[in-house]
Amino acid sequence: MIDKTVTDVAQAVAGIADGSTVMIGGFGRAGQPVELIDALIEQGAGDLTIVSNNAGNGDTGLAALLAKGRVRRIICSFPRQHDSWVFDGLYRAGEIELELVPQGNLAERIRAAGAGIGGFFSPTGVGTQLAEGKEERTIDGRRYALEYPVRADYALISAHRGDRWGNLVYRETARNFGPIMAAAAGTTVAQVDELVELGALDPEAVVTPGIFTNRVVAVGPRSWVRDGGFVGGVDIDGNPLSGSGASR
Amino acid sequence: MSASSRVSRQELAQRIAEDIPEGAYVNLGIGAPTLVANYLPADLEIILHTENGLLGMGPAPAVGSVDPDLINAGKQPVTALAGAAYFHHADSFGMMRGGHLDICVLGAFQVGSNGDLANWSTGAADAIPAVGGAMDLAIGARNVWIMTDLLAKSGESKLVTECTYPLTGVGCVSRVYTDYAVFDVIGNTFRVRELFGDNTVEALEDLTGLNLK
């Protein structure tokens with residue numbers, strides 16, 4: 001019997017060594033595997049290279065991992081946000097290395113790693129600072145720059161539902177980097193709101209087939225979703241609306 | 001300049017919306033371009049793309065119905081229209097790079113007369129860098145339209161012979177909507193497409209230092 005489920009987030013992040021490259025899913029807070037990141041902080045691995053679209057929001061999740069000084073280098077497209085004060089401070093102090101990558105090149109480099117592609121020519125960034133020094137090729141009259149795959153030792157992602165074979169479905173725009181990161185890491189760890197029986201996920205609708213997933217851990221439903229239905233009643237950060245008028 | 005020679009940001013958004021045809025797949029960049037969505041006619045089916053993985057983006061939800069899983073590129077809460085589709089990031093940027101988006105509307109620090117765009121970095125030494133999807137959109141959408149004030153806060157023209165800020169994309173801009181006039185980029189020059197208010201081509205040449213004829 002194949003059973004990729006683990007019972008808690010500590011088991012889910014077990015084995016991540018110092019110096020590992022770790023992909024962390026999410027676009028802003030949407031799809032960010034906060035429970036797995038908290039477990040990684042608890043687990044203690046340091047000197048990490050993180051691959052993630054953003055560099056943390058507020059003081060929780062990825063920002064908390066950064067604040068603990070566990071991250072040596074981050075590969076990222078959009079570190080600067082209104083609530084990225086943790087990254088901003090580390091960057092200004094020279095305490096974190098940044099490889100800034102245009103978002104589509106980042107996504108495609110991750111996809112390439114998962115698909116066994118050794119490199120590809122992208123038009124994005126050609127003629128700008130971010131493609132300086134890269135090998136160029138003109139194909140059908142258009143300039144392209146050579147981009148290499150980005151792979152990782154671990155990927156930590158967040159999905160909506162999963163089964164014990166590691167099949168995953170996502171919810172809305174929280175899907176973002178999950179499916180491509182799942183394929184690009186040696187060990188892919190998915191936290192899910194809900195673990196379902198084998199066969200409960202419609203095979204036509206599975207987004208990440210279980211072959212890409214190594215560990216699945218249920219972390220419980222998000223406060224704005226109950227029994228698979230959206231109930232609202234939170235702000236954009238997922239915090240309950242203040243006052244008695246919180247809708248449900 | 002008299003007030004009558006410039007349009008407001010809302011008026012400019014409305015003007016841009018008028019140029020977007022039914023059936024177009026459109027990406028509206030973060031900031032002022034998002035205002036364009038407010039003026040798309042409700043009776044036309046125009047499909048908005050957001051880079052984080054949604055086609056068929058709808059307006060902001062009511063306060064009690066904010067869904068943190070359903071956001072736009074600016075990480076603001078949005079809704080999904082009937083007919084919407086979700087997808088992962090590699091597909092989303094394939095839509096850009098692959099030339100599937102008809103129009104994107106972006107902001108700008110500078111636009112060069114050769115169609116070069118600078119909108120991601122001022123090059124300031126102490127700035128926290130961030131590029132996001134700007135470079136992919138700039139070179140990917142079939143028509144790259146810019147929505148911007150003609151003049152920077154310093155009074156300098158944002159339309160220039162050659163960009164001095166770090167480039168986002170090379171030769172990618174086809175049209176620039178400003179508060180004074182609309183310009184097309186044709187054959188390495190700006191051509192005035194439409195004047196707002198009592199502007200004249202000569203007055204715009206004085207403002208920008210460009211040859212617009």
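Student: How many residues of chain B are in contact with chain A?

Tutor: Happy to start there. This is a predicted model, in which local features need pLDDT of at least 70 and side-chain atom pairs count only at pLDDT 80 or more, while totals for chains, interfaces and linings use all residues. Side-chain values use heavy atoms, with hydrogens and water left out. Taking contact as heavy atoms within 4.5 Å, chain A offers 53 residues, and the number from chain B is 42.

Student: What area is buried between chain B and chain A?

Tutor: Buried area is the accessible area (1.4 Å probe) that two parts lose on being put together, summed over both. Carbon and sulfur atoms give 62% of a total of about 3,900 Å².

Student: Which residue of chain A meets Asp69(B) in a salt bridge?

Tutor: A salt bridge here is a side-chain nitrogen of Lys or Arg within 4 Å of a carboxyl oxygen of Asp or Glu. The rule finds three across this interface. In one with an N to O distance of 3.1 Å, the partner of Asp69(B) is Arg222(A).

Student: How many nonpolar residues are on the side of chain B that touches chain A?

Tutor: Let's sort them by class: Ala, Val, Leu, Ile, Met, Phe, Trp, Tyr, Cys and Pro count as nonpolar, Asp, Glu, Lys and Arg as charged, and the others, Gly among them, as polar. That side of chain B has seven charged residues, 12 polar and, for the class you asked about, 23 nonpolar.

Key: Residues numbered from 1 in each chain as written. Chains lettered and ligands numbered in written order.
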